[in-house]
Structures are given as C-alpha cells and as structure tokens.
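User: Hello! I'd like a close look at one part of this protein, and after that a walk outward to whatever else is worth seeing.

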Amino acid sequence: MDRELITGGNFSGRSAALRRRLQRNGGQSFFLGPYAEAALSGLSSTVTDEIAVYARDARRAAFAPLDWSGFGRRKPATLSGGEQVLLALHCFSRSAYETIGIDTALEQLDAQNRAAALDYLGGAESGQRVVLIDNRLDPAAPAPPWSRREAADGPDPADAAETATAAARYACDLAGIISELRPRTAPAIALRGVDFAYGSDRPIFRALNLALEPGRAYRLIGRNGAGKTTFFKLLVGVLAPACGTILLDGAAYRPRASGNRAFALATQNPDHQWCGATLAEDIARRRRALAGRGDVMPPSDALLGSLARKLGVRASDQHLYELPLAARKRLSWLWPFSGAMPWIMLDEPTVGQDRDTSAGLAAIVSHLCAIGYGIMVVTHDEEFAGRIAHSPLRIEGMTVQPE
Amino acid sequence: MTPNGAAAFALIVIVAAVAAHSLIGLAVLLALCLAFGGIELGGRTLNAFAWPVGVVAPLALFMGIVWIGVVGRSPAEIAAGVSGARTAALGYVTVVCARLFLVALAIRLVVLRFADSTPLAFIGALKAPLTAKKLIALTLSWMDTILHAVDRSRTALVTAGIIAPRLSLRNAANGWILVQTVWLSVVTIAIGRLRDKWPAESTLARLEEALRAPAPSLTPRDGWWMAAAIAALAAAPVA
C-alpha cells in the first residue's frame, strides 16, 4: 500500500505532480479536485445517478459518513462543497479504482468528516494507492501512514522551469496589503425571526435571531451542509427569507429590493464570484453598479490596481479564468479588501492556500477588524481560525447561536 | 409499463401531432394523452399540464399578435392570393400551438410516469444503441451544467449589485452580462472536467458501463398503449 503526501507551497508544481502520478495509471485513477467540476463526474442529474456512474463490484468497505439515501433526488451541484467531497469519496469507495488522487479537497470538510476521510484513506480498505495534497497535514513530518514526497521530485526538468516562472509571476505581498486598507465603520447587524427553506422539504433556518457587532470577527461553525453559505446568501440578497427582518444599525435592510450595500463576499469557489472575463471588466462592472449610490463609495482604480498586484495579479487585462486556481482564490479577496463594503464575508478562504498565505490572510483579517470592519468567516481551518481573535457562531438545529 | 413502451408511445404521439392537419385530429391525440395520464398517472395528470402550458403560452401570444392581429390571414390564404379572414388566421395559430402543446404534453407525461426512476436508470433501460444512450445522458448533463452556471452567475451578479434578484430595469440593461458570465462559467466547468477529472478516470467509459444494462422486454401494457397511439397516428391526418 502506498500513501503519498505531496508537499510544497502554492505554485510549487504539486498539482501537476499529482496529475502526472495519476496519468501513469492510464486513466484508471479516481481524481478528487478542489471544486465540484473536478470532484464530481458532471454526468449525472441526481446523487443516486452519480453513485451509479461509479458503482462496481468494489472490494472494499463503503465510505459513508452521510446517509446518501436521503439525498437520492438532489442534484449533485446543489450539495455544499463539503458534501460534494463526501459524495465523491463515497463514489470512489464503491468503484473499482485502486488509486485515488486528492488535490486539497479534504480541506473543505468539517473536523469530524475530515477525520473520518483521513482514517478511511489511511486505512487498508481504501485502495492500493492514495496520492494527496493537503495544506493542513504537517508537511515536515506527516503522521503515518503518509509518506512525504516533494512536488519538485518530478522527473521533467521543463516542469521545474515552468514552476519557478509561475511562482515568480503570481508571488503576492500580503503584508504590504495592510497599509492599503481604508478604515470603515461597519453597521451593527440584527436578524429577527428569520425563516428560510429550500422548497417545502428542506428547512434551513427557523426563527433565527442574531446580533452581530462591527469591529469583530465571527466564525460560522457547523457540519458540512448546515447552511453556512446559505446564511451569506440571505445577507447579500441572493436568497429571500420566508419571513423575518434584517436590520443594519436598527434600520430595515432589504437587499433584494435596494441591492446589497453592506456585504463583500469572497465565495468558497472563486469562480462563483466573477462578474467579467478580465480583471478590468470585473472591477469596472462592480464600480459601475455602486456608482450613483450615495451610501456606498466605490474604491478607486488606483487602490484596486495596487491591491491586485499585491495579491499576485499584475495586469488588469488578465483573463480571470486563465489564472491558476490558487491565484484566482487569492484574487477573490480583492473586492472585500477594497473597502467597498463594511462587512466582509469569507467562505473557506484558505482552501488550497499554503500555510504562509493563510498566515498572511489571518493578519489582514485581524487588521480589518481593528479598523472597523465586520468580518464573517466560514472555515474548517483550525490553524487559520486560531490566528484570529473571533467569536464562534454555531449553525445547528436551524438556528445560529454564539458558542 | 417499461421505459421503452413509454418512449415509443411518446414518439408515436409526437409524429401524429406533427402529421395532424385539423383540430379534430389533434383533439383525438389530446384524448389519448388524457387517457394515458388518467390510467398511468392518476391524480398527477393535472400536474403534467403546467409545463406544456408554460412552453406554449409565449408562442401563442406572439403568434396571436402577428398572425391574427397584424397579418389577419392564414398562410394558406396568402399562398392562394385570396383576401382571407382573421378566423382562418386564428385556426392556423390554434393548430400550430396545439401541436406544440401535444408534443410537450407527451414528453411530460412520460417524465412523470417514471418520476420514481432516475434519469440514468431510465436512459439505461432504453432499447437503443449505446451511442444514442450516451448522447442523451450527455445532453441532460450539459443542461444541468448550464442551469448550475446560471445559478452561480446570478449569485455573483446579484452580490455585486449588477443585476437585481427581482424584476428590475437594471436587469434589462445588464441581462447580457448574465449571459456572458453564464457562458464563461460553462467553459470553466467544462475545462475543469475535461482537463483534470475525465482523463484521469476515463469517466466516459464509466458512463458507458452504467448505461450498458439490458433493456427489459416490452409488456402487454406497452403493447396496448403503442397500438392506441398507432391508431391515433393513422386517424389524425385524415380526421
């Protein structure tokens, strides 16, 4: 049995190294990438069908921390990020593949599911070979049965040159961002009696009452699929509560009628937030949407350009979708850092990011709190959360409660 | 009833709807569909009507304005060079819309009849070449991909305030941005699958295996419905 942990920071060539190892297997390896399009087959309309695509006479135990029979008719794309990873692992466990490659996907799992997944993958039942990239396992001395393998161990010198170029091209200066951040005074948020359900059979929140103060960081905690991202979508107005009110500094806030004027959201998958093909187009459209609204001051082009450079993107005509995923993820923090909105919501901001980047991001988040912003962060990254003074909010039993 | 019997029934009704030239012929087909719904779906038959009505209503409105309101004659009258009447235009619009309605209704009835089955199980049970089954499964998956891209693009643009979640003038001005964002999302999703996931796994080969299940034989119930549909097919063009 073979359990490899590919180590190295962002742009070290670790994803390419993982793909190379899988390619040697001639299309006979299961691949679990960081987001849905690289985690699920994309060939099925329901969870039942997704399992059916892969299910064969598997000679190993099933990995099933969730009861998938209750998800049978759900569309896989509507599952939360963590649930999608669990579904993909279940599909692998039912398949005949003997090798699995996982590129940072386990970072989306809550503590319990992550422990279960690592137990399964590390155990004798999961398969003959597991190749893993994971920023949260100790890269210096991974616990048995994982053996460390440097990304740079690859046999192709062309890859090494390409890797060095990418590392230089997308290098970021997170410490330099702190001096660019503009102070804001965020409003206090109050939710009163908020109900929300997906259809008639999936209640998410019931009689939700919550008060959030500015100048503080709140960490939303809950199992995969508990409703953390849904909570964010309610605040920005993408989803409408069935009843209840949201107040900003005591005044009614109706984002679906008046537009979002308080929350900058960095989504878990960065590709869920782009508003244009290039960075310049994305920024111009965001600024235009804010123009003419007296209560919101659009950030300047100069500030946005400077922040983008420090996040590792030097050209405004850069096509967003041509950037490597790790660079796209960093760039997804641009709008929240620009000061356009007083509340910042970060959904799993450190997924796929190496430890240095996570530490730099934690310093920025702490500074944002100190200069008056309100922060809400969803993260299963304990090390990142531990670097920020925060108040935990637990999503459980269809409500959100301070711990 | 088997998926093959239901698919054959729907196919024959669709051919008959296209071949029918009169409202009487179309009424015969509607009666057949109602009978199918009543026997195979029971109380769910009424649910089957909502989707075809939604599909046909915009077309009916548009054709009504153009042919009855503006043109005031039927195409046959225009071809014959006679002055014509709005009632003939009304008849023409009704026949075209009724045909489309029946096509949509036949598909919807079959979908609801096998609502307990999953799309892949239904496609897998069809007696058709593997390539055709793969094509149907891939078409469905791309429809889901586009719907997912619409959802995530809408989330991005509503959050940024570029479009509104409800009816708004802003949406009329910026709707094209949603279209562009959706297609960018679709391309990104496709690249993610084609570059990373599918080559590593030979995922399409897994789909083939999933669809290779033997098709169940037709049942007498299939035979009755197919015979009724064939009779309607024979009657519709001459009615």
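In which sense do β14(A) and strand β15 of chain A pair, and over how many bridges?

Analyst: Happy to take you through this part; please keep in mind that the model is predicted. β14(A) and strand β15 (residues 399-402) of chain A pair in the antiparallel sense, and four bridges hold the pairing. The two strands make a hairpin with two residues between them. In that turn, A:Gly397 has a positive phi of about 60°. Beside the turn, A:Glu396 stands opposite A:Thr399 in β15(A).

Strand β14 has another partner too. Strand β8 (residues 217-221) of chain A runs parallel to β14(A) and is joined to it by five bridges. In that pairing, A:Ile221 has A:Arg394 as its bridge partner in β14(A).

Now for the side chains. In a regular strand they alternate between the two faces of the sheet. Strand β14 (residues 390-396) of chain A shows this alternation: A:Ser391, A:Leu393 and A:Ile395 point to one face and are buried. On the other face are A:His390, A:Pro392, A:Arg394 and A:Glu396, which are not buried. Two residues you have already met, A:Arg394 from the β8 pairing and A:Glu396 from the β15 pairing, thus point to the face whose side chains are not buried.

Moving outward, let's look at charged pairs. Over all chains, a search of the whole structure finds 30 salt bridges. One of them joins the side chains of A:Glu180 and A:Lys310 at 2.5 Å, N to O. This pair links distant parts of the chain, 130 residues apart: A:Glu180 sits in the loop between α7 (174-177) and β6 (189-198) of chain A, while A:Lys310 belongs to helix α11 (residues 301-310) of chain A. Both A:Glu180 and A:Lys310 are buried. Chain A also has a network of salt bridges that links A:Asp2, A:Glu4, A:Arg21, A:Arg129 and A:Arg149.

Chain B offers a local pair to set beside these. The side chains of B:Glu201 and B:Lys197 meet in a salt bridge of 2.7 Å, N to O. Both residues lie in helix α8 of chain B, four residues apart, or about one turn of the helix, and both are buried. B:Arg212 and B:Glu208 form another salt bridge through their side chains, at 3.3 Å, N to O. B:Arg212 counts as exposed because its relative accessibility is 52%, and exposed begins over 50%. B:Glu208 has a relative accessible area of 23%, so it is partly exposed.

Finally, here is where the two chains meet. Chain B brings 48 residues to the contact and chain A brings 49 residues. About 4100 Å² is buried between chain B and chain A, with 54% of that area coming from carbon and sulfur atoms. Four salt bridges cross this interface, including the one where the side chains of B:Glu209 and A:Arg56 meet at 2.6 Å, N to O. Between the chains, 24 residue pairs are in polar contact. On the side of chain B that touches chain A, α6 (119-124), α7 (130-159), α8 (169-201) and α9 (203-211) of chain B each supply at least two residues. α8(B) gives the largest share, 17 residues. By type, the residues on that side of chain B divide into 22 nonpolar, 14 polar and twelve charged.

Notes
Residues are numbered from 1 along each chain as its sequence is written. Chains are lettered from A and ligands numbered from 1 in the order in which they are written. This is a predicted model: local features need pLDDT of at least 70, side-chain atom pairs count only at pLDDT 80 or more; totals for chains, interfaces and linings use all residues. Side-chain values use heavy atoms; hydrogens and water are left out. Buried means under 20% relative accessible area, exposed over 50%, partly exposed in between (1.4 Å probe, protein chains only). Two strands pair if DSSP finds at least two bridges between them. Contact means heavy atoms within 4.5 Å. Buried area is the accessible area (1.4 Å probe) that two parts lose on being put together, summed over both. A polar contact is a pair of N or O atoms within 3.5 Å; within protein, one must be able to donate a hydrogen and the other to accept it, and residues adjacent in sequence count only if both atoms are side-chain atoms. Ala, Val, Leu, Ile, Met, Phe, Trp, Tyr, Cys and Pro count as nonpolar, Asp, Glu, Lys and Arg as charged, and the others, Gly among them, as polar.
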